[in-house]
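Here's a quick tour of one protein model. Have the viewer open and follow along.

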Amino acid sequence: MTTLVAVGAQWGDEGKGKIVDWLAPMAQLVVRFQGGNNAGHTLVVEGQQTILHVVPAGILNPGTINVIGAGVVVDAGVLLDELEQLKRRGALRDPSRVRVSGRAHLILPWHTALDQAREAKARGRAIGTTGRGIGPAYEDKVARRGIRVADLLQPDDLREAIHHIAEQKNFELEGYYGVPRIDPEALTQQALEWGRRLEPYVDHTERTLERALRDDKHVLFEGAQGTFLDVDHGTYPYVTSSNCVAGAVCAGAGIGPTRIDRVLGITKAYTTRVGSGPFPSEDTGELGERLRELGSEFGATTGRPRRCGWLDAVMLREAATVNGFTQLAINKLDVLSGLPELRIATAYRVNGKLTHEFPMTLHEIVEAEPVYETHGGWKQDLSGCRRYQDLPAAARSYVQRVESLVGVPVELISIGPGRDQTIARDEPFRPT
């Protein structure tokens, strides 16, 4: 048995879905442990693109059980639509392949309405959320006034809870933001229908996971967003509302820390960010536009153009420290082909002082000026490479420099969106 946690090492959008889909045939369970449908994982299998927002990225592998843990916030309507789409394309014939924790909290219409109203009112101080209600749902969870997936299966308790909470939510929506109220009885009827349709998927997922571990199954934990969107360790307040780092697996999935064997950090060969917030290595000129075009850098959830820039090793070292990476995956190495020279940020200057460590405060990150080292590029198309030795010498040198700067071995390299466009330098699920 081996457990492997796959998490983003940057600001999300690192291509975790592609890597999880590639790893899934080696695992018997794929477990999502945090976030909501603000995440978007794009998979390309045999030329067909699939975008997932809630269901784990192991779903396209027929032998894999896909678990949505208690740490996830679930928009039941979005989840049900996603499940229906998977059924129509023949990817989900057996409902037992998707297990949803009854302890996961629900995203309800008032959460979405509040999220969007707050962003609109904030104007120049907006965080840049996806407007999907994730933050307000986590607020209610922490305030102990949330409604959970299992509550959908208890009609009387559900009606009472919705009517009780709606009074406060509608006061805020109408009285402060001036937006329409939510009809509690209409929401109750909708929620009861969600419960009827979701019941075959609802599970005590902690027990399912424990049985798998006892039976020596391989378990893959799939993170959403990335390290620097973590509510505690990211570029606060320009972050998401959950913990995105590897340690969140324990609370979000329901396992002890002694059960985690390996942690895979996933990064692009360059850096991107969606939404507001500091970005030290951002390039707002021709290079940034070229990376956006060649890398198709548009959000899978919102379609927003991603901000682009050079690879930032200062960030990656911080991510390695916070997550305890045992290995790295580099995505989109192929996008760098054709650039005459490449840069990697190896340090910052903050208020005139050189530092090799990621700053603690937002002010320092905003003031950080990257210090770059330059590497030779390569002209060859990498999409046909299938072994590490097939890569041009300059590409191998780039990978090796990343390993040296971060202090973690690069074991997976993606050179295209397809499953077969992945180079493995070692066995990901090997025993520790």
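What follows covers three helix pairs, one pocket and two backbone oddities in this predicted model.

## H3 against H5

Start with helix H3 (residues 109-122) and helix H5 (residues 155-177), whose axes sit 11 Å apart at an angle of about 20 degrees. An angle under 35 degrees counts as roughly parallel, and that is why H3 and H5 get that label. Their crossing is left-handed.

Which residues do the touching? On the H3 side you'll find Trp110, Ala113, Leu114, Ala117, Arg118 and Lys121, and they meet Ile162, Ile165, Ala166, Lys169, Glu172, Leu173, Tyr176 and Tyr177 of H5. Sorted by class, that contact has 10 nonpolar residues and four charged ones, with no polar residues.

## H2 against H6

Next up is helix H2 (residues 76-88), packed on helix H6 (residues 184-198) at about 40 degrees, with 10 Å between the axes. That makes H2 and H6 oblique to each other. The handedness of the H2 and H6 crossing is left.

H2 brings Ala76, Gly77, Leu79, Leu80, Leu83 and Glu84 to the contact, while H6 answers with Trp194, Arg197 and Leu198. Six of the residues in this contact are nonpolar, one is polar and two are charged.

## H10 against H12

Further along the chain, helix H10 (residues 313-323) packs against helix H12 (residues 393-406), and here the axes are 9 Å apart and the angle is about 55 degrees. H10 and H12 therefore count as oblique. Is the crossing of H10 and H12 left-handed or right-handed? It is right-handed.

For the contact itself, look at Ala313, Leu316, Arg317 and Ala320 in H10, which meet Val402, Leu405 and Val406 in H12. The class count for H10 with H12 comes to six nonpolar residues and one charged, with no polar ones.

## The second largest pocket

Now for some empty space. The second largest pocket has a volume of about 240 Å³, and 14 residues line it. To find its centre, go to Gly71, Tyr138, Lys141, Ser242 and Asn243, the lining residues that lie nearest to it.

Which elements give two or more residues to this lining? They are helix H4 (134-142) and helix H8 (248-254). By class, the lining of the second largest pocket splits into seven nonpolar residues, six polar and one charged.

## Two backbone oddities

Most residues other than glycine have a negative phi, and most peptide bonds are trans. With that in mind, two spots deserve a look.

One is the peptide bond between Tyr236 and Pro237, which is cis, with omega at about 10 degrees. Pro237 belongs to the loop between strand E10 (219-222) and H8. H8 is also one of the helices that give two or more residues to the lining of the second largest pocket.

The other is Asp13, a residue other than glycine with a positive phi, near 60 degrees. You'll find Asp13 in the loop that runs between strand E1 (3-8) and helix H1 (16-23).

Definitions and conventions
Residues are numbered from 1 along each chain as its sequence is written. This is a predicted model: local features need pLDDT of at least 70, side-chain atom pairs count only at pLDDT 80 or more; totals for chains, interfaces and linings use all residues. Side-chain values use heavy atoms; hydrogens and water are left out. On a 1 Å grid over the protein atoms alone, a cavity is a set of points where a 1.4 Å probe fits but cannot get out, and a pocket is an open set with protein on both sides within 12 Å along at least five of seven lines; lining residues have an atom within 4 Å of a point. Grid points are joined across faces, edges and corners, and a volume is the space filled by probe spheres set on the points. Helices (H or I, at least four residues) and strands (E, at least two) are DSSP runs, numbered from the N terminus. Ala, Val, Leu, Ile, Met, Phe, Trp, Tyr, Cys and Pro count as nonpolar, Asp, Glu, Lys and Arg as charged, and the others, Gly among them, as polar. Axes are lines fitted to C-alpha atoms, for helices over the stretch in contact, and angles run from 0 to 180 degrees between N-to-C directions. Angles under 35 degrees count as roughly parallel, over 145 as roughly antiparallel, 65 to 115 as roughly perpendicular and the rest as oblique. A crossing is left-handed if the near helix is turned anticlockwise from the far one by less than a right angle, and right-handed if clockwise. Contact means heavy atoms within 4.5 Å.
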